[in-house]
Amino acid sequence: MTTAADTNGRSGHSGAGAAVALDYARRMFERQRVPLPPPGFRVDWDDQPFRHTFYRDAPKVPLPAPFDVPVPGGVLGSVDRARTDDRCDPSLGELATALACYTVTGRRTSPDWNDDSARRLRSDLAVWSRPTASGGGMYPVESYLVAGPGAVLPCGVYHYDTAHHALDRLSTRDRSDALAGASGVRAPLYLVATLRFWKNSFKYNSFSYHVVTQDTGALLGSWRMVLGAFGHTPRPVLWFDEAPVGAAVGVDGRTEAPFAVVPLGERADAASPGASAQPPTAPPRVWERSRRVRSFDMVERVHAATLVGDAPRPSPEAGAEGTADPLPDDVPSVPLPPVPSAADGDGLERALRTRRSGFGVMSARPDLGAGELGRVLSAAERIGHCATDVAPSPRPRPWVRLRVLANSVEGLEQRAYAYDGDSHRLLSGPSVDFADLQRHYALTNYDLRQCAAVVVVCGRLEPLVAAYGARGYRMLSIEVGQAAQSAYLAATEADLAIGAVLGLDNEAIDTMLGVSGSDERSMLFLLLGRRRSPRTGYDHDLYRPRRTPEGDPR
């Protein structure tokens, strides 16, 4: 795989790189009709990688237990707090809860209508739950902390161990200057999200990059909401020099590569950019379960195309053309009930603890309430207003547009709708035959007739790639995943069933939505409905909520 150094760090902002990204995206959108290479690929389940990353020789640093510091407020309230422009300086306990959004929090043995329900009761096939969604349950994102002077941790580089909810101390060197130079933001502590490609590509092969970039966004959405609940506002850096970041955390940029940098603590956006990469010290060894680790040409090429190295960051105005267009006023519309405040209670923590995908438990009856649908749409849309380095706050519109295929929603006909977050209404589109939707779905884990609605996360890919080169595709995918995680938690808070899928035929859905021929593309599909039956109580939490002497959760 080509690295940032191989391309002099400018591939992601070149015309050639943009063409590679658009070609890759086109192949992803048409994959239901034109199979992806390699031909005849079969998943070798006996040689799959482990779902957690283990450093053999690294000492463990304990963390406060997940949710030891109760997470205040509901999902929408946390999203709204994450949209402000305050500092982000979490305590160690608050940081531990944010990291725990990717850890194992319980075992699920509840029976449902899915065909593998009985097998999950076996100890060797146990399903372990995590607060953040991931495509196929692969969890390829790795979290690192780079601590400098003044951080809540001693100086050094740390890896978050998702299996044990602890930190692997990889180095005692202060690498914060390298992060400041690479990101342009100086802070005492940096949270870095990387991707280990094989943890996903062993199953999804050439399709992997499309999935893992959205996985990065899902984890970023969890971090935003948890830190926002505690009153902090992270501003992730998505345009950064990959080589010094990778060297600082000890990854090669090939099998594992950095995708987001989140400065934490006092910060000033005046750090000198373009710090050269220091030679990495030999990191502790990573245990690899697979006997054979493969790479895939399409993934290698698109990843190399998205690297930007030390290329200057485009101005915030560069991506304005990629934002969702204002919707017309002369189209029939349906106003949605006002969304009540979610600032109080423990809705976000409860949603994080109980989040799950809805296959096997989803039902279209009774009808989904228009207010329930509106709450999920509002959460997914609002988080797109949160700031990044390439889109500082306030953001008038996100890069994603939410559209809806309504099946059994109170007060809505079976048709396509476009969601207007500014006015909280749905604009009517073409009629939809929901009975025809199943033939456009490649898998069997959902009966789409049992979905009350399909929320489609769309984006204007071509304008963003024109503005940011191939990096625009990566950044849009991250925002798509962030919207999905926000919708997951909002639906879970309301005790609705939800499931994100990529197996629908994008081109067929674009036609149903009425966006074929435009520069808008369907990127992800969120199935929404009622739970078929109440929870049976067989799930086992690993971390119990703290309780007061009176017995109330706190």
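Buried means under 20% relative accessible area, exposed means over 50%, and partly exposed lies in between (1.4 Å probe, protein chains only). This is a predicted model, in which local features need pLDDT of at least 70 and side-chain atom pairs count only at pLDDT 80 or more, while totals for chains, interfaces and linings use all residues. Residues are numbered from 1 along each chain as its sequence is written, and side-chain values use heavy atoms, with hydrogens and water left out.

**Exercise 1.** Find what D80 pairs with, and state whether each partner is buried or exposed.

*Solution.* Begin with the pair itself: D80 forms a salt bridge (a side-chain nitrogen of Lys or Arg within 4 Å of a carboxyl oxygen of Asp or Glu) with R382, the closest N and O atoms being 2.7 Å apart. Next, place the two residues: because D80 lies in helix α2 (residues 75-82) and R382 in helix α10, the pair ties together parts that are 302 residues apart in sequence. Finally, look at accessibility: D80 is partly exposed at 30%, whereas R382 is buried, with a relative accessible area of 18%.

**Exercise 2.** Describe the salt bridge between R397 and D422.

*Solution.* The closest N and O atoms of R397 and D422 are 3.9 Å apart. R397 lies in the loop between α10 and β13 (400-406), and D422 in the loop between β14 (415-420) and β15 (425-431), so the pair ties together parts that are 25 residues apart in sequence. As for accessibility, R397 is partly exposed at 27%, while D422 is exposed at 55%.

Terms used. Helices (H or I, at least four residues) and strands (E, at least two) are DSSP runs, numbered from the N terminus.
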